[in-house]
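Colleague: I should like to learn how to read the features of a protein model in a systematic order. May we take one structure and work through it together?

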Amino acid sequence: MDTASQEISLSGTRIFRLAHWLSNAINNGRLKLARRWKFEPKTIAYQGYGSTEWVRVLGRVVLASKPVPGSRADHAAKNGNQNIRGWRAFTSVPIPGSEVEIEIGGTVTKVRADRGGLVDIDVEVSLSPGWHTAVLRSQGTEPAEASIFVIGPETKFGIVSDIDDTVMVTALPRPFLALWNTFVLSERARMATPGMAVLLDRLIVEHPDAPVIYLSTGPWNAAPTLARFLSRNMYPSGALVLTDWGLTQDRWFRSGQDHKRKNLERLAAEFPNMRWLLIGDNGQHDEQIYSAFTRKHGDKVFAIAIRQLSVSESVFAGGHSETGDHSASAVPWIYSPDGAGMARRLKELKLI
């Protein structure tokens with residue numbers, strides 16, 4: 001590397017360090033402001049998954065506003081009837097480095113949250129297949145319970161599904177409408193993709209031991225809203241695997257594509273005998289990500305189902321990827337604008 005390149009590299013490193021310092025300073029400022037406004041610490045537990053020997057536990061520690069006791073918002077929160085504007089999900093402030101105690105199956109594990117307040121850890125514990133409950137505790141917060149689905153060693157089929165524009169119409173590729181849907185639209189105004197809930201329900205009826213993993217590039221802030229959406233629209237319970245926006249340790253912006261690739265690779269390593277149905281849409285990068293994963297792990301993919309965007313969605317999205325020629329692929333590819341069309345093809349494959 002010549003002197004000029006070294007100087008550019010050092011300059012870039014200094015700028016990146018400055019950006020991290022600025023990011024931390026902004027978060028510290030938000031923490032101080034939240035405490036001044038009497039925000040309260042809160043532990044949030046997300047649904048997880050695992051095997052009979054370990055489980056992946058996900059959670060977050062934040063400062064969040066609390067509804068006034070007896071108010072309409074307080075009543076709605078207690079009854080699970082929230083109808084929250086999208087921007088409110090982003091008012092909570094992560095508490096970095098919080099110590100979190102995790103209890104599941106008689107095993108207690110202590111871990112520290114990362115700089116985004118996130119906990120994502122594998123806990124070694126012996127559990128039977130099926131649903132279990134993990135309890136997360138952090139100082140000054142109420143205990144939070146997370147449902148954990150333990151996958152039995154005999155289970156050979158699972159489902160990985162995208163969320164945005166796959167099970168929920170969010171128009172994520174459209175910058176302005178994406179901002180509207182994410183930050184302004186009330187959560188009950190969000191639309192489920194036609195037929196997708198019925199399709200996933202039929203798959204679980206046929207394969208009751210199959211795990212469902214909702215793998216999305218959406219932010220963790222939106223996890224509670226997404227969980228309520230999935231439940232309200234009668235989608236099967238499943239782990240949410242989301243990400244955070246902004247700086248990472250080695251790059252300016254977190255890559256949604258890398259997030260999906262890494263978690264698919266993780267699932268392949270965690271469950272080497274599983275074959276997955278991969279569900280996504282053709283408005284982002286799902287086809288390329290799933291295709292690359294299939295070339296590497298063809299024996300771990302049962303089929304790929306792609307939801308096709310409508311003409312209007314494609315126009316606003318700036319077009320969509322072509323329905324490629326997958327005749328040489330050993331893995332079946334399914335294209336349909338809705339769940340009913342996917343169901344017909346999956347019935348031919350004897351999945352339902």
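Modeller: Certainly. Let us start with one strand and the directions of its side chains. V212, Y214, S216 and G218 point one way from strand 12, I213, L215, T217 and P219 point the other way, and all of them are buried. Please keep in mind that this is a predicted model.

Colleague: What does the burial of strand 12 say about its surroundings?

Modeller: A residue counts as buried when its relative accessible area is under 20%. In strand 12, which covers residues 212–219, eight of the eight residues are buried, so the strand is largely enclosed by the rest of the structure.

Colleague: Which strands pair with strand 12, and in which sense?

Modeller: Pairing is read from bridges, and at least two of them are needed between two strands. Strand 9 (residues 157–161) pairs with strand 12 in the parallel sense over three bridges, and I159 has V212 as its bridge partner. Strand 13 (residues 239–243) also runs parallel to strand 12, joined to it by four bridges. Within that pairing, L215 stands opposite V241.

Colleague: What unit do strand 12, helix 5 and strand 13 make?

Modeller: They make a β-α-β unit, and its hand is right-handed; helix 5 spans residues 223–232.

Colleague: Let us step back to the whole chain. How many helices and strands does the protein have?

Modeller: The protein has nine helices and 16 strands. Of its 352 residues, 49% are buried. The accessible surface is about 18000 Å², and carbon and sulfur atoms account for 54% of that surface.

Colleague: How should I read the contacts in terms of sequence separation?

Modeller: One takes the contacts between residues at least 6 apart in sequence and asks what share joins residues at least 24 apart; in this protein the share is 72%.

Colleague: Where does the largest nonpolar core have its most contacts?

Modeller: A nonpolar core is a set of buried nonpolar residues joined through side-chain atoms within 4.5 Å. The largest one here has 40 residues, and L203 and Y235 have the most contacts inside it. Helix 4 (residues 196–206) gives the most to this core, with six residues. Leaving out residues up to four places away in sequence, L203 touches I159, L277, L346, L351 and I352. I159 thus appears in two roles: it touches L203, and it is the bridge partner of V212. There is also a second, separate core of 25 residues, with W54, A239, L267 and L278 among them.

Colleague: How many salt bridges does the structure hold, and how does one read them?

Modeller: The structure holds twelve salt bridges. For each pair, one examines the N to O distance, the elements that are joined and the exposure of the partners. D120 and R56 meet through their side chains at 2.8 Å, N to O. D120 lies in strand 6 (residues 118–124) and R56 in strand 2 (residues 54–64), so the pair ties together parts that are 64 residues apart in sequence. D120 is partly exposed at 37% relative accessible area, whereas R56 is buried at 4%.

Colleague: Which elements does the salt bridge between D286 and K260 link?

Modeller: The closest N and O atoms of D286 and K260 are 2.6 Å apart. This pair links helix 7 (residues 286–296), which holds D286, to helix 6 (residues 256–270), which holds K260, and the two residues are 26 apart in sequence. D286 is buried, with a relative accessible area of 2%, and K260 is buried as well, at 4%.

Colleague: Which residues are joined into a network by salt bridges that share partners?

Modeller: E101, E103 and R137 are joined into one network. Within this group, the side chains of E103 and R137 meet at 3.0 Å, N to O. E103 is partly exposed at 30%, and R137 is partly exposed at 32%.

Colleague: Let us close with a loop residue. Where does H326 lie, and which residues does it contact beyond its sequence neighbours?

Modeller: H326 lies in the loop between helix 8 (311–316) and strand 16 (333–336). H326 is partly exposed, with a relative accessible area of 24%. Apart from neighbours within four places in sequence, it is in contact with W333 and Y335. The C-alpha atoms of H326 and S291 are separated by 9.4 Å, while these residues are 35 apart along the chain.

Technical notes
Residues numbered from 1 in each chain as written. Predicted model: local features only at pLDDT ≥ 70, side-chain atom pairs only at ≥ 80, totals over all residues. Heavy atoms only, no water. Buried < 20%, exposed > 50% of the residue type's maximum accessible area, 1.4 Å probe, protein only. Contact = heavy atoms within 4.5 Å. Areas by Shrake-Rupley, 256 points an atom, 1.4 Å probe, with all protein chains shown as cover. Right-handed = clockwise from strand over helix to strand, strands pointing away. Salt bridge = Lys/Arg side-chain N within 4 Å of Asp/Glu carboxyl O.
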